[in-house]
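Welcome! Have a look at the sequence and the 3D structure below, and then let us walk through them together.

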Amino acid sequence: MNSSEIEHNVKCIFENFSNEEFVFDFLLAYGISKTSVTRLKKGDFNLSKVKGELLYKNKILFKEEDDDSLLSTIDAISKEERILKHKPRFAIVTDYETMVAKDLKLKRNLDIPLQDLPKYYSFFLPLAGSEVYNSSNDNEADRNAAYKMAELYDLLIHENPDIYNSKETVHNLNIFLSRLLFCYFAEDTGIFEVESVFTNTLAQHTTSNGSDTHLFLNRLFERLNTKSENSLPDYLVKFPYVNGGLFKDKIESPIFSAKARKILIDLGGLNWKDINPDIFGSMIQAVVIPEYRSDLGMHYTSVPNILKLIRPLFLNELYETFEKHQNNVLQLRKLIQRIAGIKFFDPACGSGNFLIITYKEIRLLEIKIIQQIIALEKIDLFTAAFTTSVSLNQFYGIELDDFAHEMAILSLWLAEHQMNKVFEEMLEGYGASKPILPLKEAGKIVQGNATRLSWEEVCPKSKDDEIYIIGNPPYLGSFLQNKEQKQDLAFVCKRFKSYKDLDYIACWFVKATDFINDEVVKAAFVTTNSICQGEQVILLWPFVLNRGLEIFFAYKSFKWTNNAKGNAGVYCTIIGLQNASNEPKKLYDNTMCYSVKSISPYLTTGTNTIISKRMKPLSKLPVMNYGSKIVDDGNLIFSNEEKNRLVTQYPETSSYFKKLAGSAEFIRGLERWCLYIDDNKIEFATSVPEINNRLKAVSEFRRKSTESSTREMANKPNRFYYSVHNNSDSIIVPRTSSERREYIPMGFLNGDTIVSDAASVIYNAEAWIFGVLTSRIHMVWVKTVGGRLKTDYRYSSQLCYNTFPFPEISLKQKENLCLYVFAILDERAKHSEKTMAQLYSPDTMPIGLKEAHQELDKAVEQCYRLQPFTSDTERLEYLFKLYEEMTKKDTLFAKKKKVRKSKI
DNA sequence: GATCCGACATTTT
DNA sequence: AAAATGTCGGATC
């Protein structure tokens with residue numbers, strides 16, 4: 001149960017309120033099981049014999065009180081031994097008008113009108129167990145520790161400059177740091193029996209100048225890898241045997257300065273108990289890898305986002321199975337067996353946060369099942385101790401970065417230890433954990449390149465194995481990939497045409513598709529939304545779908561966020577893949593979840609039709625051009641002031657200037673100018689020093705380009721890289737525009753204005769074309785099949801315009817459309833002082849303009865059919881159908897043409 | 001020759 | 001500092 005569900009539940013208590021039921025409704029709202037609440041009602045779970053009191057072990061003490069001494073009552077009662085021995089987390093006293101409560105663990109108080117409880121619902125969230133692994137959101141402990149570690153790391157590098165000389169020494173340093181972290185954690189959490197034994201012994205047995213610190217650590221680490229305690233000096237006997245691979249190899253510790261030693265000891269003073277292994281790993285990794293340091297932990301996946309993925313992938317289903325069999329011990333035991341057999345595989349695991357959260361969630365579920373078994377079998381306390389069936393061996397991962405991969409292994413151990421504690425606490429006398437030391441099992445995390453490794457070798461798959469592939473692999477658009485990554489992409493995706501346009505993450509989707517050939521294997525990734533938009537859709541998804549897979553759940557685009565300082569600028573989706581089935585699919589949009597028949601690669605419901613780029617319009621429409629592209633590093637472009645200054649000084653230069661319009665200029669009503677100099681005037685133009693300088697700068701810039709076609713234009717700096725301008729009137733179609741607008745603002749320009757490559761353009765277009773382009777039905781099409789910048793419109797001729805199915809219409813119909821177009825232009829003219837941004841903002845769009853658009857919408861839709869469309873879904877379905885019909889005809893026609901030609 | 005995209009980039013509030 | 005919203009030119013076909 002998540003916190004928003006709880007918030008909702010708490011609100012519901014007051015819809016049907018009764019004093020008698022309140023406390024039980026309250027517990028149910030926080031996810032306490034029905035069986036427990038029933039037994040509380042009956043009384044056999046109620047540990048208080050006092051009337052009007054309810055005492056529920058480890059959870060709450062609840063007391064009704066009539067007079068107005070609520071506060072003194074709660075103070076008194078929360079000191080009573082008969083109460084405290086059952087360790088309730090909360091004490092609550094109420095007269096059903098006011099509620100006072102105490103969090104006995106955090107020593108926090110609450111004093112509110114009972115009615116206001118929904119506002120303060122989060123006070124009681126620990127009842128729901130959310131504190132178990134996610135106590136705070138601010139990660140202060142993690143951040144402090146990470147920064148302090150960074151300080152130590154920098155000093156060590158500084159004092160041991162040879163470390164970076166070889167891969168092996170870097171790897172050794174990684175392991176060394178990982179060992180230190182383990183020791184800090186161990187001395188704070190009881191893995192080492194004596195508290196602070198590591199830091200204290202270190203402080204006592206090393207000199208303050210740091211010169212023998214490395215010797216001490218060498219000896220200590222050797223001890224941690226030695227079973228026998230014979231002939232050990234006293235101070236090392238206090239440490240246990242750990243091993244588990246972590247201390248297996250002998251590694252020379254780096255040399256410490258006095259300062260480094262001091263930081264080493266200071267680090268021991270931090271509160272390692274509160275470290276979240278799931279997040280800390282990413283932070284420490286970010287700190288240790290210099291390139292990542294500037295964006296500390298930028299790409300670790302937040303817990304809410306991990307839950308968004310693992311819940312629909314497997315957790316919800318496991319919980320449903322649990323609910324279904326909650327009264328059947330045999331089935332419950334079977335469920336535990338099943339859980340113990342599942343493999344979880346993150347082929348881009350980083351420092352392991354998906355695996356760790358999954359591990360914790362699975363352990364938590366197991367605990368709940370065991371609690372239910374205990375309740376059902378009425379087992380006597382201490383007669384049977386349950387141990388966990390979940391093992392770290394079920395967790396598989398691949399990680400490229402060596403340090404991250406060490407952190408993943410370490411963090412899983414830490415998570416295991418933490419969950420062992422939770423296991424014992426929540427099961428009280430019924431649960432026992434095997435001693436964590438010596439470390440035995442470990443997550444199977446392989447260091448390597450996931451695009452190259454055989455996934456089956458990392459995570460062996462035998463028939464009927466239940467496997468879930470999870471993770472958040474790297475996203476890189478084609479022009480952000482480096483050489484190796486391009487080769488990786490080629491290695492995995494060569495079999496597709498135009499594979500080079502794919503995002504790097506496509507490798508993971510392709511390999512996951514290859515991996516899922518069994519119905520019990522499912523996969524889900526957090527991914528950039530790019531693979532579900534625009535040109536990539538046709539490259540990737542036919543392959544996946546043709547393999548018999550389906551998208552069985554998906555989250556629509558959401559902005560990437562985590563707790564790191566600077567967030568990556570990207571929009572994500574989450575996509576779940578499995579073998580095709582008849583089950584309904586789950587499509588999530590923010591907090592809403594829709595049950596739908598199918599989810600298309602565009603993450604819409606309905607058909608799986610995918611649009612291909614087209615070079616020419618499918619419908620009878622004029623050619624749309626790509627705007628003129630300068631490639632000048634800004635040198636040919638002038639602001640108003642710059643231009644005026646030059647023209648004042650050299651009046652003859654005014655003829656070299658043309659207005660330049662891209663999306664921003666057109667939408668926001670900005671004015672910019674560009675130099676547009678004929679080849680035959682260049683000699684004269686360069687006599688003006690500023691122009692000469694600017695042209696030189698263009699040459700220089702183009703010469704340095706990595707792209708040959710740009711370099712070729714270096715000696716023609718007066719020319720554009722690519723130009724379609726022909727001095728005639730045009731319709732400008734901004735290439736990018738905010739999704740908040742109902743219509744992309746388009747417009748007519750005259751031949752004085754050059755349309756830049758930030759927009760598309762149709763020259764000499766008839767007015768009715770404008771009508772078709774700005775129509776709602778076209779916007780619906782653009783939104784679905786076009787690319788996007790984040791989630792905004794991104795208009796492109798090949799995807800949006802050339803693919804748009806529009807019927808052939810008569811002259812009369814065209815004339816009719818023109819009337820509506822002129823009406824829109826008239827409405828715009830009434831507000832000539834306003835920019836397009838103002839006119840088309842959903843907040844400020846003038847009513848008249850809106851109505852004129854709606855009239856046009858109707859007129860355009862009448863070109864398709866007389867019966868009006870009632871929804872965008874209907875429009876889309878109609879368009880896709882028409883698209884299929886028209887493309888079929890088109891290809892038949894093309895084939896016929898070919899045949900005829902070849903006969904000749 | 002033409003063009004789609006951005007683990008973004010820059011402006012606006 | 002957060003929110004809004006579209007540049008620019010490489011890489012690719």
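By class, how many nonpolar, polar and charged residues does the lining of the largest cavity have? The lining has nine nonpolar residues, two polar ones and no charged residues. Please keep in mind that this is a predicted model. With that answer in hand, here is a tour of the domains, the cavity and the two DNA strands.

**How chain A is divided**

- Chain A is split into four parts, starting with domain 1 (3-129) and domain 2 (140-275).
- After these come domain 3 (303-596) and domain 4 (625-869).
- If you go from the centre of domain 1 to the centre of domain 4, taken over C-alpha atoms, you cover 64 Å.

**The cavity**

- Searching the whole structure turns up one cavity of 30 Å³ or more.
- The volume of this largest cavity is about 60 Å³.
- Its lining includes Leu181 and Phe185, along with Trp272, Ile275, Pro277, Phe280 and Gly281.
- Met407, Leu410, Ser411 and Leu414 are also among the lining residues.
- Three elements give two or more residues each to this lining, namely α7 (167-189), α12 (277-288) and α17 (402-427).
- Of these, α17 provides the largest share, with four residues.
- Why does the cavity lie between domain 2 and domain 3? It lies there because domain 2 (140-275) and domain 3 (303-596) both give residues to its lining.

**Around DNA strand B**

- DNA strand B is surrounded by 33 residues, and the closest are Leu480, Ser530, Gly569, Tyr626 and Gln798.
- Gln798 has a polar side-chain atom 2.5 Å from a phosphate oxygen of DNA strand B.
- Gly477 uses its backbone instead: one of its polar backbone atoms is 3.0 Å from a phosphate oxygen of DNA strand B.
- The bases take part as well, with a base nitrogen of DNA strand B 3.1 Å from an N or O atom in the side chain of Asn472.
- Among the atoms of DNA strand B within 4 Å of the protein, sugar or phosphate accounts for 53%, and bases for the rest.
- At least two residues of the surface near DNA strand B come from β24 (787-789), and at least two from α29 (797-801).
- Sorted by class, this surface has 15 nonpolar, eleven polar and seven charged residues.

**Around DNA strand C**

- Which residues are the closest to DNA strand C? They are Lys629, Thr706, Thr736, Arg741 and Lys790, out of 31 residues that surround the strand.
- Lys629 has an N or O atom in its side chain 2.5 Å from a base oxygen of DNA strand C.
- Lys790 also faces a base oxygen of this strand, with a side-chain N or O atom at 2.8 Å.
- For Ser705, the partner is a phosphate oxygen of DNA strand C, 3.3 Å from an N or O atom in the Ser705 side chain.
- The elements giving two or more residues to the surface near DNA strand C are α23 (663-668) and β20 (736-737).
- The largest share of that surface, four residues, belongs to α23.
- Within 4 Å of the protein, 59% of the atoms of DNA strand C are sugar or phosphate atoms, while the rest are base atoms.
- In terms of class, 14 charged residues appear in the surface near DNA strand C, together with nine nonpolar and eight polar ones.

Note on methods: Residues numbered from 1 in each chain as written. Chains lettered and ligands numbered in written order. Predicted model: local features only at pLDDT ≥ 70, side-chain atom pairs only at ≥ 80, totals over all residues. Heavy atoms only, no water. Near = heavy atom within 4 Å. Polar contact = N/O pair within 3.5 Å; in protein donor to acceptor, adjacent residues only side chain to side chain. Nonpolar A, V, L, I, M, F, W, Y, C, P; charged D, E, K, R; others polar. Domains from an automatic or database assignment. 1 Å grid on protein atoms, 1.4 Å probe; cavity = no way out; pocket = protein on both sides within 12 Å on 5 of 7 lines; lining within 4 Å. Points joined across faces, edges and corners; volume = space filled by probe spheres on them.
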